[in-house]
Amino acid sequence: MRMVKKIGRLFIIKTRWEACFIIYALALGCLERGSHYLTRFPGYGGWLLMAACTGSVFLAGAKIFDCLRYEQEKASALTEPD
């Protein structure tokens, strides 16, 4: 059971640096997918789909940073004495 907890801790974002790396990886995947859309759907359709991909990374990144800030505030509230 301890090993499962240790492996599970690898999938928890703890710092803003880790969040930035994850958002960077999402952006790379998004641009790759967007380039496929541009070749598959030339014209405005491809550009709109690529814009939707990049917009989703902006939304996901904002949500990751908000959740990280919430978790840090929650942890600091638990450790501060009243």
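Helices H2 and H3 run roughly antiparallel to each other. That is my starting point today. Keep in mind that this is a predicted model.

Here is the geometry behind that statement. H2 covers residues 16-40, and H3 covers residues 44-79. Their axes come within 8 Å. They cross at roughly 170°. Angles over 145 degrees count as roughly antiparallel, so this pair gets that label.

What classes of residue make up the contact of H2 with H3? Nonpolar ones number 19. Four polar residues and two charged ones take part as well.

Let me stay on H3 and turn to charges. How many salt bridges does the structure hold? One. The partners are Asp 66 and Arg 69, joined through their side chains. The N to O distance is 3.1 Å, and the cut-off for a salt bridge is 4 Å. Both residues sit in helix H3. They are three residues apart, about one turn of the helix.

Buried or exposed, or in between, for these two? Asp 66 has a relative accessibility of 42%, so it counts as partly exposed. Arg 69 comes out at 47%, and is partly exposed too. The band for that label lies between 20% and 50%.

Now some distances. Take Arg 69 again, in H3, and pair it with Ala 25. In sequence, Arg 69 and Ala 25 are 44 residues apart. In space, C-alpha to C-alpha, they are 20 Å apart.

Next, Gly 45, also a residue of H3. Its relative accessible area is 37%, so Gly 45 is partly exposed. How far is Gly 45 from Ala 75, C-alpha to C-alpha? The separation is 45 Å. Along the chain, Gly 45 and Ala 75 are 30 residues apart.

Last topic: the surface around helix H1. H1 spans residues 2-9, and Met 3 belongs to it. Met 3 has a relative accessible area of 54%. The cut-off for exposed is over 50%, so Met 3 is exposed.

Met 3 also contributes to a nonpolar surface patch. Which residues join Met 3 there? They are Ile 7, Leu 10 and Phe 11. The patch has an area of about 510 Å².

To recap. H2 and H3 are roughly antiparallel. Asp 66 and Arg 69 form a salt bridge. Met 3, Ile 7, Leu 10 and Phe 11 make a nonpolar patch on the surface. Thanks, everyone.

Methods:
Residues are numbered from 1 along each chain as its sequence is written. This is a predicted model: local features need pLDDT of at least 70, side-chain atom pairs count only at pLDDT 80 or more; totals for chains, interfaces and linings use all residues. Side-chain values use heavy atoms; hydrogens and water are left out. Patches are made of residues with over 30% relative accessible area and no salt bridge: like charges are joined within 9 Å, nonpolar side chains (Val, Leu, Ile, Met, Phe, Trp, Tyr) within 5 Å. Accessible areas come from the Shrake-Rupley method with a 1.4 Å probe; for residues, only the protein chains shown count as cover. Helices (H or I, at least four residues) and strands (E, at least two) are DSSP runs, numbered from the N terminus. Buried means under 20% relative accessible area, exposed over 50%, partly exposed in between (1.4 Å probe, protein chains only). Axes are lines fitted to C-alpha atoms, for helices over the stretch in contact, and angles run from 0 to 180 degrees between N-to-C directions. Angles under 35 degrees count as roughly parallel, over 145 as roughly antiparallel, 65 to 115 as roughly perpendicular and the rest as oblique. Ala, Val, Leu, Ile, Met, Phe, Trp, Tyr, Cys and Pro count as nonpolar, Asp, Glu, Lys and Arg as charged, and the others, Gly among them, as polar.
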